[in-house]
Amino acid sequence: MTFSELGVGAKVLQAITELGFERPMPVQEVVLPILLNEETDLIALAQTGTGKTAAFGIPTIQNLDYTNPYTEAVILSPTRELCVQIANDLTNYAKYIPSCTVVPVYGGASIEVQKKALKKGAKIIVATPGRINDLLRRKYVDLSHVRWAVLDEADEMLDMGFKDDLDFILGQTPEDKHTLLFSATMPDEVARIASNYMHNPKEVTIGVRNSGSANVRHCYYLVQAKDRYLALKRIADYYPSIYAIIFCRTRSETQEVASALIRDGYNADALHGDLSQAQRDHVMERFRCRNLQMLVATDVAARGLDVSNLTHVINYNLPDEIEQYTHRSGRTGRADKTGISIAIVNLRERHKIKAIEKIIKKKFEQVPVPTGMDVCEKQFYNLIAKVERVEVNYDEISKFVSEVVKRLEWMDKKELISRFVSLEFNRFLEYYRNSPDLNVAEKEEKAKIEKKKSKVQPNDVGMARLFFNLGYDDKILPQRLIGLINDTCNNKDIKIGKIDIMERFSYVDVDGMYANDIIEAFHGETYRRKSLIVEAANAKKAGNDKKSRRRSSKDNDIDKKTAKESRGNRKGDKKSKGNNTSDKKKKRKRGQYR
Ligand code: AMP
């Protein structure tokens, strides 16, 4: 089908043809005929990078009434970057409809400039929830004539804590408007928004529900936690043309990994919420135009970064919320290209891979971490390929070359090549000579874990204290925790003693006889999509202390700090109650540009 067969009008057609859109992408083939032919609510499950902006943007532009001056469409998106990108795309599609004014409003930029733009008239407002909420309350925006509301990346918006903003904003729009909801995943919160605000929505799914893109290969490397950074370096060295986002869990981890890569001579930089907006824009621009090969980022900071030709997505650490993996891996394999999503995991985290496989409905391949020799070989042939491809300006260098040929006459071809190649290659040989094998010897590692598990010993009264990574933040109460233990352990009616629930974790005294069974039963389980960690409370502490003493080499610094950080979080958990709340508030306030 062509765009015009799908119902795209002449003016928009001319504009998108100039943009190089030759034929519709799958999401457009499905959505355009629906929205261009009937006024309906619609839920579309589609990954980012699939062409969904045009799928909702073209009908929005075509369906508006340009004889009145009112704002008739509002498009909400989670981040400043996405907001700007959507507004630019829509402006391009509406190039030949001059009265289609598109105004982006987003946080982290001057509100005065945005107020002025709104005053001039906005047929379509593209907004981040926080900023438009602000403008609505100050009465600079009037949504009472809106006929189309679009929620783009609805799951991300809810993830970022914009639920109340969305409720408020949608409450300002007329009841009889049409709502279009685009989301990569369909968690309960998105379903709730759909049922609260949509009327008989049509539902379309592009690709498999909640699945990873068909063009993405999912792989994981199994390493010891302390070798995570070394494994990352191996990957970077093994793929010399790598163009990747490396996802970390925290801002400090992001900064540390990026700093370590820079220190080790890689073309990398960090993107996270502790940077100023100007710094973030600068880094993103360098990455977009490929002046940067590797961008180390938090999930939130990387949202809205539109880069379509990544070779790799690397999960330096898998996300806490495993559904987030879909968003990460969906950043590669876009627009008919293939990509690789790599997870660096240790044995304890491998259950997460299984949980993610269920979500993406695809299997991960376990791939061996390249050995030092693998890297050297790859680099060697990469260098030779570069020699073959290099452009030579014979005119300009011929006079020097003649001189050099004379000087090097005493060497044969093999000697000559060896020497030139060594100039570049020696540093790899040097670094990787005697480098260790980073692949985990599974049996030994498993035995270690088993040994640790068997350390759960009952106390004098036959009870054992277990640590659960569930707390009030996870809406867990003592009864629910008891229920969860009984459910997971097949209702063995295990005796439960004292329960201490904190903000993010709990301690539970259980019948010592069953402590190991409980740990075993919870292995690989999730609660509200959170991977559960259940361990002996005392063993946990001892293990951590020992770990931090043991690690001392430079390459392990990153892991050491990360471990310290998570210990710090746990220790300060109770105290951080207030901070946590204010953090959330801050996050909401700054959400769109963290
Ligand atoms: P989106 O998912 O809307 O961010 O789109 C991903 C990329 O695909 C953007 O760079 C779009 O400009 C591009 N795109 C969207 N539709 C088409 C099309 N039909 N043909 C070629 N490129 C497209």
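Good morning. Two strands are said to pair if DSSP finds at least two bridges between them. With that criterion, four strands of this predicted model form an open sheet in the order 16-17-15-20, and the pairing is antiparallel. The edges of this sheet are strand 16, residues 496–501, and strand 20, residues 534–536, each of which pairs on one side only. From one strand to the next, the twist averages 25°.

Within this sheet, strand 15 (residues 463–468) and strand 17 (residues 506–511) pair in the antiparallel sense over six bridges. There, Ala 464 stands opposite Val 510 of strand 17.

Two helices lie across these strands. Helix 21, residues 478–488, crosses strand 15, strand 16 and strand 17, and runs at about 125° to strand 16. Helix 22, residues 515–522, lies across strand 15, strand 17 and strand 20, at about 20° to strand 15.

I turn now to the parallel sheet. Seven strands form an open sheet in the order 3-4-2-5-6-1-7, with parallel pairing. Strand 3 (102–105) and strand 7 (202–205) stand at its edges with a single partner strand each, so one side of each is left without a neighbour in the sheet. Here the twist averages 15° from one strand to the next.

Strand 5, residues 148–151, pairs with strand 6, residues 178–183, in the parallel sense over four bridges. In that pairing, Val 150 has Leu 180 of strand 6 as its bridge partner. Helix 5, residues 80–93, packs on the sheet and touches strand 2 (73–76), strand 3 and strand 4 (124–127). The direction of helix 5 makes about 175° with that of strand 3. Helix 10, residues 188–197, lies across strand 1 (42–45), strand 5 and strand 6, and runs at about 170° to strand 6.

Finally, the ligand. Which residues are around it? They are Phe 3, Phe 21, Arg 23, Pro 24, Met 25, Gln 28, Gly 49, Thr 50, Gly 51, Lys 52, Thr 53 and Gln 85. This shell divides into four nonpolar, six polar and two charged residues.

As to polar contacts, a backbone N or O atom of Arg 23 lies 2.9 Å from a nitrogen atom of the ligand. A backbone N or O atom of Lys 52 lies 3.4 Å from a ligand oxygen atom, and a polar side-chain atom of Thr 53 lies 2.6 Å from an oxygen atom of the ligand. On its own, the ligand has 490 Å² of accessible area, of which the protein covers 77%. Thank you.

Definitions and conventions
Residues are numbered from 1 along each chain as its sequence is written. This is a predicted model: local features need pLDDT of at least 70, side-chain atom pairs count only at pLDDT 80 or more; totals for chains, interfaces and linings use all residues. Side-chain values use heavy atoms; hydrogens and water are left out. A residue is near a molecule or strand if one of its heavy atoms lies within 4 Å of it. A polar contact is a pair of N or O atoms within 3.5 Å; within protein, one must be able to donate a hydrogen and the other to accept it, and residues adjacent in sequence count only if both atoms are side-chain atoms. Accessible areas come from the Shrake-Rupley method with a 1.4 Å probe; for residues, only the protein chains shown count as cover. Ala, Val, Leu, Ile, Met, Phe, Trp, Tyr, Cys and Pro count as nonpolar, Asp, Glu, Lys and Arg as charged, and the others, Gly among them, as polar. Axes are lines fitted to C-alpha atoms, for helices over the stretch in contact, and angles run from 0 to 180 degrees between N-to-C directions. Contact means heavy atoms within 4.5 Å.
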